[in-house]
Amino acid sequence: MLKTAIVILTAMTVASCSQKKFHIEGAISEAQDSVLYFENIGIENVTVLDSVKLTADGTFSFSGEAGETPEFYRLRISDQIINIAIDSTETVTVKASYPTMITQYEVSGSVNCQKIKELALKQIDLQQRSINVQRSMALNAATDSINNMVQAYKEDVCNNYIYKEPNASYSYFALFQTLGNIFIFNPQMDLGDVKAFNAVATSWDINYPDAMRTKNLHNIAINGMKTKRIVEYNNQQVVDASKVETAGLIDFELTDNKGQARRLSSLKGKVVLLDFHVFGMDDSPKRILALRELYNKFSAQGFEIYQVALDSDEHFWKQQTAALPWVSVRDPQGISSQRLVYYNVQAVPDFFLIDRNNNIVKRQAQIGDIEEEIKKLL
């Protein structure tokens, strides 16, 4: 999943007759007779769109058709690369000198491209520091030191880039940076990385709901939540194996409104809507009514709701759920629950669909027609 995600979408062909054009132009000095390639970074491959043999002045100009969603490109001479993001009909100007173009280029006309440059330089610095550590320390000490550097790097990038503007192209770019051949952000290893992926995916849902990148991000985040190797976000301790089913479900047990312990995985064999809810919210009655309609329509076919209430008032919760026909449990940790971290729930209410084999299929942000999705799983 991650290997296919680093290369970002299908290739765009240059269409000279299009009304919506972007332009990438500039000059790369000290590169006479070198071939400068203009490449599109796709989901499964990198495609050469155009190229030019540079003259003494190093000038170049490439154009392409601007799509409805952000697109990613790169300028390349040999193994020297400058990454470019295009999200409108903008003109991006790049100036560099070939021997140092990967680190000392100038870019104007695009805030996203400027931020990508900042991230690329940070990545190069991290790479160099990790090499220095490997050369100067014993293996175990070097590993610990590099892990600490990577964690600090991720905190910096999350706080100063991804969480500040999760809808930006540079935030998407940041998620797929590498240290050598290893992804810096790996949601299969760190639940905090799932949070970063989901922050961008949620924002892109609003701006680019049909984009392949948006779907890709959600799939990566969900696969990250499924893995048995998830690391707790708050204390970095490995999640107990009993909480994670091999089929992909992050399992837990809570007490229902009748005083019985109810384990989520016990509903295997049914299609389950895992719902995180606060009955004290103003729109709770309307949402409960909608869930009742779903339950009445599909429960006879094997549909169940496992609803986790996050209300602090236990008595109030019991009153509100006394007549509900589905599984109603309460998390005493409320909105501070670690279970919200496991499932990367950033806002309540939120829900997930789980198939008959205890596999998480989709979360609320990915679902357009909930009835159709339930029918497919039934």
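**Close-up views of a predicted model**

**View 1. Four strands of the protein form an open sheet in the order E3-E2-E5-E6, and their pairing is antiparallel.** The two edge strands, each of which pairs on one side only, are strand E3 (46-53) and strand E6 (80-86). From one strand to the next, the twist of this sheet averages 25°. Within the sheet, strand E2 (residues 35-41) and strand E5 (residues 71-77) run antiparallel and are joined by four bridges. Phe-38 can serve as a landmark here, since its bridge partner in E5 is Leu-75. As in the other views, the atoms shown belong to a predicted model.

**View 2. A second open sheet contains four strands in the order E4-E1-E7-E8, and here the pairing is mixed.** Its edge strands are strand E4 (59-65) and strand E8 (106-108), each pairing on one side only. The twist between one strand and the next averages 15° in this sheet. E1 and strand E7 (residues 91-97) run parallel, with seven bridges joining them, and the bridge partner of Ile-28 in E7 is Ala-96. Helix H3 (residues 111-136) packs on the sheet, where it touches E7 and E8. The direction of helix H3 makes about 155° with that of E8.

**View 3. The loop between strand E1 (21-29) and E2 holds Glu-30, and Asp-33 is found in the loop between E1 and E2 as well.** Glu-30 is not a glycine, and yet it has a positive phi of about 55°. Asp-33 is likewise not a glycine, although its phi is positive at about 75°. With a relative accessible area of 60%, Glu-30 lies over the 50% cut-off and is therefore described as exposed.

**View 4. His-277 is placed in strand E13 (residues 271-277), and the strand itself is mostly covered, with seven of its seven residues buried.** The relative accessible area of His-277 is 2%, which falls under the cut-off of 20%, and so this residue counts as buried. Leaving aside residues up to four places away in sequence, His-277 touches Ser-284, Arg-287, Ile-288, Gln-307, Val-308, Ala-309, Leu-310, Asp-311, Val-348 and Pro-349. Among these residues, Ala-309 is also the bridge partner of His-277 in E14. E13 and strand E14 (residues 303-309) run parallel and are joined by seven bridges. Both faces of E13 are covered, with Val-271, Leu-273, Asp-275 and His-277 buried on one side, and Val-272, Leu-274 and Phe-276 buried on the other.

**View 5. Glu-253, a residue of strand E11 (residues 253-255), is partly exposed.** Its relative accessibility is 40%, and because the partly exposed class lies between 20% and 50%, Glu-253 is placed in that class. When residues up to four places away in sequence are not counted, Glu-253 touches Ala-261, Arg-262, Arg-263, Tyr-306 and Arg-339. The view can also include Ser-266, which is 13 residues from Glu-253 along the chain. The C-alpha atoms of Glu-253 and Ser-266 are separated by 9.5 Å.

**View 6. Helix H8 (residues 284-298) and helix H11 (residues 370-377) pack with their axes 12 Å apart, at an angle of about 30°.** Angles under 35 degrees count as roughly parallel, and therefore H8 and H11 are described as roughly parallel to each other. The crossing of these helices, H8 and H11, is right-handed. On the H8 side of the contact are Leu-294, Lys-297 and Phe-298, which meet Ile-370, Glu-371, Ile-374 and Lys-375 of H11. The residues of this contact between H8 and H11 divide into four nonpolar and three charged, with no polar ones.

**View 7. The whole protein, to which the close-ups belong, has a secondary structure of eleven helices and 17 strands.** Of the 378 residues in the protein, 50% are buried. Among contacts in the protein with a separation of 6 or more, 62% are accounted for by residues 24 or more positions apart.

Methods. Residues are numbered from 1 along each chain as its sequence is written. This is a predicted model: local features need pLDDT of at least 70, side-chain atom pairs count only at pLDDT 80 or more; totals for chains, interfaces and linings use all residues. Side-chain values use heavy atoms; hydrogens and water are left out. Axes are lines fitted to C-alpha atoms, for helices over the stretch in contact, and angles run from 0 to 180 degrees between N-to-C directions. Angles under 35 degrees count as roughly parallel, over 145 as roughly antiparallel, 65 to 115 as roughly perpendicular and the rest as oblique. A crossing is left-handed if the near helix is turned anticlockwise from the far one by less than a right angle, and right-handed if clockwise. Contact means heavy atoms within 4.5 Å. Ala, Val, Leu, Ile, Met, Phe, Trp, Tyr, Cys and Pro count as nonpolar, Asp, Glu, Lys and Arg as charged, and the others, Gly among them, as polar. Buried means under 20% relative accessible area, exposed over 50%, partly exposed in between (1.4 Å probe, protein chains only). Two strands pair if DSSP finds at least two bridges between them.
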